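Thanks for coming. I will go through one model this morning, starting with its aromatic rings and ending with a few single residues.

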Amino acid sequence: MGGIGKTTLATVLYDKLSREFEGHCLVANVKEKSEKCENLCEEIFSKLSKKRNHSFEASELHWLLQRKRVFIVLDDVATQEQLEEVIYQFYPLGPGSRVIVTTRYKQIFKLDAEIYPVKKLSHHHSLELCCLTAFEKKQPSIPLALKVMGASLRTKTKEVWESQLNKL
């Protein structure tokens, strides 16, 4: 499902954990970059090796990555081909290396992959997040007019409530 927070979670994990690895990179929008025929492997290698615009041999890449503990985040992978283009070219990675892939399509993974689905927020948490974004508070302030009307209706009958509702 789009907009559920996969990218946000992956980015937070990357920011928190990347310093623990010898090499790290976050590749955003893999689907879009792949459709534009951008070379994702070169982008990853440049970030991991900290060498810009460096042409490399596949053997050099494998030698480097098999000896380094690296952390790679691939965001928004749409097809198994996109995943294979990147990950399987770097296999095997050094001991302790980690790869996080965000996708809407869990069928792109092999059967032994560990999949952690992002759960939808509860109604309460959705409302809280909306309020934090809109009002920068967990709950919006209730306008004074609503407080006064609510207090005035506290002991009234159903007919009075309906009359007030019709006036609104």
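Let me fix one rule before the rings. Rings of Phe, Tyr and Trp, the last by its six-membered ring, count as a pair if their centres lie within 6.5 Å; planes under 30 degrees apart are called stacked, over 60 edge-to-face, and the rest tilted. This is a predicted model, where local features need pLDDT of at least 70 and side-chain atom pairs count only at pLDDT 80 or more, while totals for chains, interfaces and linings use all residues. Residues are numbered from 1 along each chain as its sequence is written, and side-chain values use heavy atoms, with hydrogens and water left out.

How many aromatic pairs does the rule give? The count comes to 2 aromatic pairs. In one of them, the ring centres of tyrosine 14 and phenylalanine 71 are 5.9 Å apart with planes at 15°, so the pair is stacked. Tyrosine 14 sits in helix α1, residues 6-17, and phenylalanine 71 in strand β2, so this pair ties together parts that are 57 residues apart in sequence. By helix I mean a DSSP run of H or I of at least four residues, and by strand a run of E of at least two, both numbered from the N terminus.

The other pair is phenylalanine 21 with phenylalanine 71: the centres are 5.0 Å apart and the planes at 20°, so this pair is stacked. Phenylalanine 21 is in the loop between α1 and β1 (23-27), and its partner in β2 is 50 residues away along the chain. Together, ring pairs link Tyr14, Phe21 and Phe71 into a cluster.

Are these rings buried or exposed? Tyrosine 14 and phenylalanine 71 are buried, and phenylalanine 21 is buried as well. The cut-offs are under 20% relative accessible area for buried, over 50% for exposed, and partly exposed in between, with a 1.4 Å probe and protein chains only.

Next to consider is arginine 98, in strand β3, residues 98-101. Arginine 98 touches Phe21, Val70, Phe71 and Ile72, leaving aside residues up to four places away in sequence. A contact here means heavy atoms within 4.5 Å. The C-alpha atoms of arginine 98 and phenylalanine 21 are 9.2 Å apart in space, against 77 residues in sequence.

Now the helix packing. Two packed helices are described by the angle between their axes and the distance between the axes. Helix α3, residues 40-49, packs against helix α5, residues 80-90, at an angle of about 45°, and their axes are 9 Å apart. Axes are lines fitted to C-alpha atoms, for helices over the stretch in contact, and the angles run from 0 to 180 degrees between N-to-C directions. The two helices are therefore oblique to each other; under 35 degrees would count as roughly parallel, over 145 as roughly antiparallel, and 65 to 115 as roughly perpendicular, with oblique for the rest.

The crossing of α3 and α5 is right-handed, that is, the near helix is turned clockwise from the far one by less than a right angle, whereas anticlockwise would be left-handed. Which residues make the contact? From α3 they are Leu40, Cys41 and Ile44, and from α5 they are Glu85, Val86, Gln89 and Phe90. By class, that contact has 5 nonpolar, 1 polar and 1 charged residues. Nonpolar covers Ala, Val, Leu, Ile, Met, Phe, Trp, Tyr, Cys and Pro; charged covers Asp, Glu, Lys and Arg; the others, Gly among them, are polar.

As for α3 on its own, 8 of its 10 residues are buried, so this helix is largely enclosed by the rest of the structure. Those buried in α3 include Glu43, Phe45 and Leu48.

Now some backbone angles. Most residues other than glycine have a negative phi. Lysine 50, just after α3, takes a positive phi of about 60°. Asparagine 29 has a positive phi near 55° and lies in the loop between β1 and α2 (30-35). Its relative accessible area is 35%, so asparagine 29 is partly exposed. Aspartate 76 has a positive phi of about 65°, in the loop between β2 and α5. At 26% relative accessibility, aspartate 76 counts as partly exposed.

That loop between β2 (70-74) and α5 also holds alanine 78. With 14% relative accessibility, alanine 78 counts as buried. Leaving aside residues up to four places away in sequence, alanine 78 touches Lys31, Thr103, Tyr105 and Ile108.
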